[in-house]
Amino acid sequence: MALGLGCSAKPGRAKENRTGSWRTFRPEFLHEKCTKCGLCSLVCPEGCIGEDAEGQPVPDYDYCKGCGLCAEECPSQAIEMKKEEK
Amino acid sequence: MTGESCGLFEYGHRACGGCAAAMAARTILDAAGKDTIIVSATGCMEVFSTPYPDTAWKVPWIHSLFENNSAVASGIVASLKKQGRKEKVIALGGDGATFDIGILCLSGAFERGHDFVYICYDNEAYMNTGIQRSGATPYDASTTTSPAGKCSMGNRRPKKDLPMILAAHGAPYVATASVAYLPDLKKKVEKALATEGPCYLQVHAPCCTGWGFEGEKTMAIGKLAIETGLWVNYEMEDGKVTRVKKVVRKPVEVYLKEQRRFRHLFKPKPNETEIAKIQAVADRNAERFGIDIKLKK
């Protein structure tokens, strides 16, 4: 459909912008310590922490900016921030 | 891995790492659901989520200007009413758009009584344009237009009490929330959407770039604001405060010294006169809202 007025964008197209390249520190998830509380997924400003079939958190490193909020807030200290090696 | 995100606020947006406004946007959409129309004023959230032709939003979204956010929302609400449609309308703005530039249209929309929710993410200055002070900047915060130095201790005026101004318009529901307590924020968005008439929600959104702290500390700083009494989470229904988050208060220094914008208050030695003035703000909040938990001795 041609748009007559203003500008419009396809919903969610921001996804083409992979913000993972911004990262300096990388969150490493220690599954043996994880209690599957889901807090990391809730607090992530990107919303890029999903979960696997067992309920363990799985970050999407294509988008994770490495802010470290998940590691800071994790009540079980099950997330460690490691310097990114590229 | 590039999976599907299940939220309505897509990743790939350009917010700083640890951005509170991005957390707020995710939570607001989580509460509101897909049958929502978002009207967004100019500001950080608008800029980082929608650099054309990209957009992080997966719901209908319209960018107004700074000043006419509530007027655009009013028009959409009136049109939906005429068409007999049931979508919810949320107007989003930063503190600059809400407290300063857009207050004329905001006041008009509340006075006319349109059924919509106005949500202000309050990061206490114009962050998107480079940290200029706004009506929401707290006392003594250093910004680029209220810089601390030899002749100045930073922002000379206290924060404007906008929730009370909107409650005085007869708004049925006015509340404050913080990104430090996301489930509480979600509940308040749901309650505001379920309440008929103009509702206002002000969300404390600590800004790592503008306030000067590491991105990982966003929630910790938000919690400290509440624990010191410098931010109060409360709900007002029909002009009366009905719920308040109570705390065992900490001295304001623990909040101030974590942030670059208050650094001048501690160099070369703590400025006790100025800190006492900020403590007085917290004490007034505590008295007004009754936030203190009395510990048994």
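# Interface and interior: putting names to the test

Trainee: How many residue pairs are in polar contact across the interface of chain A and chain B?

Mentor: The rule finds 16, with both residues at pLDDT 80 or more. On the side of chain A that touches chain B, helix H1 (39-43), strand E3 (57-59) and helix H2 (69-73) each give two or more residues. Helices (H or I, at least four residues) and strands (E, at least two) are DSSP runs, numbered from the N terminus.

This is a predicted model: local features need pLDDT of at least 70, side-chain atom pairs count only at pLDDT 80 or more, and totals for chains, interfaces and linings use all residues. Residues are numbered from 1 along each chain as its sequence is written, chains are lettered from A and ligands numbered from 1 in the order in which they are written, and side-chain values use heavy atoms, leaving out hydrogens and water.

Trainee: Why is the pair Lys223(B) and Glu73(A) called a salt bridge?

Mentor: A salt bridge needs a side-chain nitrogen of Lys or Arg within 4 Å of a carboxyl oxygen of Asp or Glu. The closest N and O atoms of Lys223(B) and Glu73(A) are 3.5 Å apart, so the pair qualifies. The count between chain A and chain B is three.

Trainee: What makes Ser49(B) buried rather than exposed?

Mentor: Buried means under 20% relative accessible area, exposed over 50%, and partly exposed in between (1.4 Å probe, protein chains only). Ser49(B) has 1%, so buried is the right word. You'll find Ser49(B) in helix H2 (residues 44-49) of chain B.

Trainee: How do you know that the side chains of Ser49(B) and Trp57(B) make a polar contact?

Mentor: That takes a pair of N or O atoms within 3.5 Å; within protein, one must be able to donate a hydrogen and the other to accept it, and residues adjacent in sequence count only if both atoms are side-chain atoms. Their contact is 2.7 Å, so the distance fits. Ser49(B)'s side chain also reaches the backbone oxygen of Met45(B) at 2.6 Å.

Trainee: What makes a nonpolar core?

Mentor: Buried Ala, Val, Leu, Ile, Met, Phe, Trp, Tyr and Cys residues joined through side-chain atoms within 4.5 Å. The largest core has 51 residues, and among those touching the most other members are Phe110(B) and Tyr200(B). Helix H11 (residues 272-289) of chain B gives the largest share, five residues. A second, separate core has 42 residues, including Cys19(B) and Val59(B).
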